[in-house]
Amino acid sequence: MLVGPARLYGLVGHPVGHSLSPVIHGEVFRRLGVDAVYLLWDVDRRQLHQAVEGLRHLASGFNVTIPHKERVRAHCDMESNEVCVTGAVNTVVVSEGRLSCFNTDVYGVERCLERLVHEGFTMLVLGAGGAAKAAILAAVRLGARRVMVSNRTRSRAVMAAALAEMLGARGEVVDWPPPPEKIAEADVLFNATPLGMEGVGGAPPVDRDALTPGQVVFDAVYRPLETPLIRMARERRARVVDGLCMLIWQALEADRIWLGVEPSEELYSAVRSVVLERLEAGKTGA
Ligand code: NAP
């Protein structure tokens, strides 16, 4: 008789082939001696209902990524505040057939930014989707007073700016591409578009000369790690935060929810080293 690990976790999305989540969670399970496995489930829109209902009876928990972060809400028996505010789920706990849904991207952004911002700071967000809303909620929790939103589709920028207002900050819609003076006014510039990502290409339309030393430039994109925006920010001596920071902290928060493990700096550094090794090996084809 074959006996599998005690707990089953994984990622539901489409596509999922290049995900780093098995590396991150696998390393956490290994370090903590948790008898669990983390799998990838490539699920298209038509299969989502069946996949989630199957996991309700099989898994201990799962992550959700593009394009299902919003649609999976229909299956949730409980939602965290972060899910109610952002409208997106990325972590689910299964307990006795009930699904409790969370959004740990908010925590991911908070952990990456907490030591870099001051009370009353201003953030400019590029994009108005799930990552942008997570960034807005995190920023307001960290004390942002003003949140500017620039998005290709203006009506979505209006909604994201309204979210910032609802949370108690000053929400402001700015043009796409963002005017240089608005970029210069931001203490934090947050890219929440896929521009610069492998397979998407391009770069966020940011005027290099508008970036200033001391400003924080945060790119949610993590493939490649050194995105065109991060490179430009380094040239302007801005402080940079890469997408891997957010990816790892959001994963460690999911592990806290699933396993009760405290997301520590030590665990973060250990996992980051393993992920960087894996990315390096991928480059050389090892
Ligand atoms: P999403 O909900 O689909 O939103 C995408 C946003 O990007 C929208 O505002 C969209 O504008 C804009 N956009 C897409 N293609 C564009 C283009 N060619 N030119 C200009 N704007 C464009 O996606 P998401 O979940 O927010 O994710 C956004 C990015 O963040 C992705 O690259 C994702 O990988 C990354 N992310 C990273 C982490 C992490 O842990 N590091 C976590 C979550 C997301 P419209 O409204 O005009 O369509």
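**Exercise 1. The 112–245 bridge**

Decide whether cysteine 112 and cysteine 245 are buried or exposed, then describe the bond that joins cysteine 112 to cysteine 245.

*Solution.*
- Step 1. Cysteine 112 and cysteine 245 are both buried in this predicted model.
- Step 2. Their sulfur atoms lie 2.2 Å apart, and a disulfide joins the two residues. The cut-off is 2.5 Å.
- Step 3. Take the torsion about the S-S bond of cysteine 112 and cysteine 245. It is about -120 degrees, so this disulfide is left-handed.
- Step 4. Locate the ends. Cysteine 112 belongs to helix H4 (residues 105-113), and cysteine 245 belongs to helix H9 (residues 243-259). The separation is 133 residues, and the pair links distant parts of the chain.

**Exercise 2. The 76–101 bridge**

Characterise the disulfide of cysteine 76 and cysteine 101.

*Solution.*
- Step 1. The sulfur atoms of cysteine 76 and cysteine 101 are 2.1 Å apart, and they form a disulfide.
- Step 2. The S-S torsion for cysteine 76 and cysteine 101 is about -95 degrees, so the handedness is left-handed.
- Step 3. Cysteine 76 sits in the loop between strand E3 (61-64) and strand E4 (78-79). Cysteine 101 is in strand E6 (residues 98-102). These two are 25 residues apart, and again distant parts of the chain are linked.
- Step 4. Apply the burial cut-off of under 20%. Cysteine 76 has 16% relative accessibility, so cysteine 76 counts as buried. Cysteine 101 has a relative accessible area of 0% and is therefore buried.

**Exercise 3. Cysteine bookkeeping**

Give the disulfide pairing pattern, and state what happens to cysteine 84.

*Solution.*
- Step 1. Searching the whole structure yields 2 disulfides.
- Step 2. Number the bonded cysteines in sequence order. The pairing reads 1-2, 3-4.
- Step 3. Cysteine 84 takes part in no disulfide. Its nearest cysteine sulfur belongs to cysteine 76, 9.6 Å away.
- Step 4. Cysteine 84 has 45% relative accessibility, so cysteine 84 counts as partly exposed.

**Exercise 4. The sheet**

What is the strand order of the open sheet of 6 strands, and which strands are its edges?

*Solution.*
- Step 1. The order is E2-E1-E3-E5-E6-E4, and the pairing is mixed.
- Step 2. Strand E2 (36-42) and E4 are the edge strands, each pairing on one side only.
- Step 3. E4 pairs with E6 in the parallel sense, over 2 bridges. Glutamate 79 has cysteine 101 as its bridge partner in E6.
- Step 4. Helix H1 (residues 21-32) packs on the sheet, touching strand E1 (7-13), E2 and E3. The direction of H1 makes about 170 degrees with that of E2.

Conventions: Residues numbered from 1 in each chain as written. Predicted model: local features only at pLDDT ≥ 70, side-chain atom pairs only at ≥ 80, totals over all residues. Heavy atoms only, no water. Helix = DSSP H or I, 4+ residues; strand = E, 2+ residues; numbered from the N terminus. Buried < 20%, exposed > 50% of the residue type's maximum accessible area, 1.4 Å probe, protein only. Pairing = 2+ DSSP bridges. Contact = heavy atoms within 4.5 Å. Axes fitted to C-alpha atoms, helices over the stretch in contact; angles between N-to-C directions.
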